[in-house]
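Colleague: I would like a close look at a single part of this model, with the reasoning spelled out and the surroundings described as far as they help.

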Amino acid sequence: MRILLIEDDEALRAVLLPVLEEAGFGCDEAADGTCGLELLLHNPYDVAVVDRMLPGMDGLALVRAARGKGCAVPVLMLTALGRVEDRVDGLDAGADDYLAKPFDNRELIARLRALGRRPADTLESGSLRRGDLSLDTAALTLAGPAGTARLSKNENALLEALLRRAGQLVSREALFHAVWGAEDFVEEGNLDSYIHFARRRLRAVGSGAAIRTVRGVGYCLEPGGAS
């Protein structure tokens, strides 16, 4: 896998580059958003790691610009901002996953490997219709009565798992596996965050569907509208 690391903190780049290379990744680096965008648009990368706070062009603007030019490289956004709203902003901009600073390097590696695998898992999945929802897993879009919303790959994987078993309880373990595969270094709270994001997406497209929590066990998507 070839990784693009866009991070303005020189000390952090000095730490991360040997970690990534030891894990078997080839790495390019950029210290500002403008240079990072140029590299991302003109080179074949498997994953880009993008810091949210960058000089020249911040991480959100960078990802929006890349997506606007048709760049589909998976993006892992690094952020020191811990609020759910800040994470939602990153996903809305087109990032596929986020990792809050400070982080364990093992989790970074696990997330990158998961993102590197995911396109082959999702692009051939087709589309799903349940109630008033339509999920296009190839285009990463969710449609409902009020319009459409673009999804990150993790949001897409989560909603696909719930929609395929609409009306049934899906365990937390099954959802973890659907979104992150067999990776060990994913915090429990990440699933709860992505459930929160998914509920926001349902509201954004005007769906009557609801994700019901069965505390300590899992979640159930109850479709809305006509089947």
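Between which two elements does the loop that holds P102 lie? Please start from there and carry on to whatever packs around that part of the chain.

Modeller: Please keep in mind throughout that this is a predicted model. P102 lies in the loop between β5 and α5, the latter spanning residues 105-122, and the peptide bond that leads from K101 into P102 is cis, with omega near -10 degrees.

The strand that precedes this loop, β5, covers residues 97-100 and contains Y98, a residue that is buried, as is Y194. A search of the whole structure finds five aromatic pairs, and Y98 with Y194 is a stacked one, with 5.9 Å from centre to centre and 20 degrees between the planes. Because planes under 30 degrees apart count as stacked, the angle of 20 degrees places the pair of Y98 and Y194 in that class. This pair joins distant parts of the chain, since Y98 sits in β5 whereas Y194 belongs to helix α8, 96 residues apart. Y194 also pairs with W180, and here the ring centres are 5.7 Å apart and the planes stand at 75 degrees, so this second pair is edge-to-face. W180 is in helix α7 and Y194 in helix α8, 14 residues apart. Both residues count as buried, because W180 has a relative accessible area of 2% and Y194 one of 1%, while the limit for buried is under 20%. Taken together, ring pairs link Y98, F176, W180, Y194 and F197 into a cluster.

The strand β5 is also approached from another side of the sequence, by L76, which has its place in strand β4, residues 75-79. With a relative accessible area of 0%, L76 is buried, and, neighbours within four places in sequence left aside, its contacts include D97, Y98 and L99, together with A48, V49 and V50 and with L108, R111, L112 and L115.

The two helices that carry W180 and Y194 deserve a description of their own. The axes of α7 and α8 come within 11 Å and cross at roughly 80 degrees, and α7 and α8 are therefore roughly perpendicular to each other. On the α7 side the contact is made by R172, L175, F176 and W180, and on the α8 side by E188, N190, L191, D192 and Y194; by character, these residues divide into five nonpolar, one polar and three charged. L191 of this contact touches R172, L175, F176 and W180, and in addition L158 and Y219, not counting residues up to four places away in sequence.

L191 leads on to the largest nonpolar core, which has 32 residues and in which L142, L158, L162, L175, L191 and I211 have the most contacts. The elements that give two or more residues to this core are α4 (84-93), β7 (133-136), α6 (153-164), α7 (172-180), α8 (188-204) and β12 (218-222). Apart from this core lies another, of 19 residues, with L4, V50, V73 and V75 among them.

One further backbone detail may be worth a look alongside the cis bond. L140, in the loop between β7 and β8 (141-144), has a positive phi of about 55 degrees although it is not a glycine, and at 5% relative accessibility L140 counts as buried.

Technical notes. Residues are numbered from 1 along each chain as its sequence is written. This is a predicted model: local features need pLDDT of at least 70, side-chain atom pairs count only at pLDDT 80 or more; totals for chains, interfaces and linings use all residues. Side-chain values use heavy atoms; hydrogens and water are left out. A nonpolar core is a set of buried Ala, Val, Leu, Ile, Met, Phe, Trp, Tyr and Cys residues joined through side-chain atoms within 4.5 Å. Buried means under 20% relative accessible area, exposed over 50%, partly exposed in between (1.4 Å probe, protein chains only). Helices (H or I, at least four residues) and strands (E, at least two) are DSSP runs, numbered from the N terminus. Contact means heavy atoms within 4.5 Å. Rings of Phe, Tyr and Trp (its six-membered ring) pair if their centres lie within 6.5 Å; planes under 30 degrees apart count as stacked, over 60 as edge-to-face and the rest as tilted. Axes are lines fitted to C-alpha atoms, for helices over the stretch in contact, and angles run from 0 to 180 degrees between N-to-C directions. Angles under 35 degrees count as roughly parallel, over 145 as roughly antiparallel, 65 to 115 as roughly perpendicular and the rest as oblique. Ala, Val, Leu, Ile, Met, Phe, Trp, Tyr, Cys and Pro count as nonpolar, Asp, Glu, Lys and Arg as charged, and the others, Gly among them, as polar.
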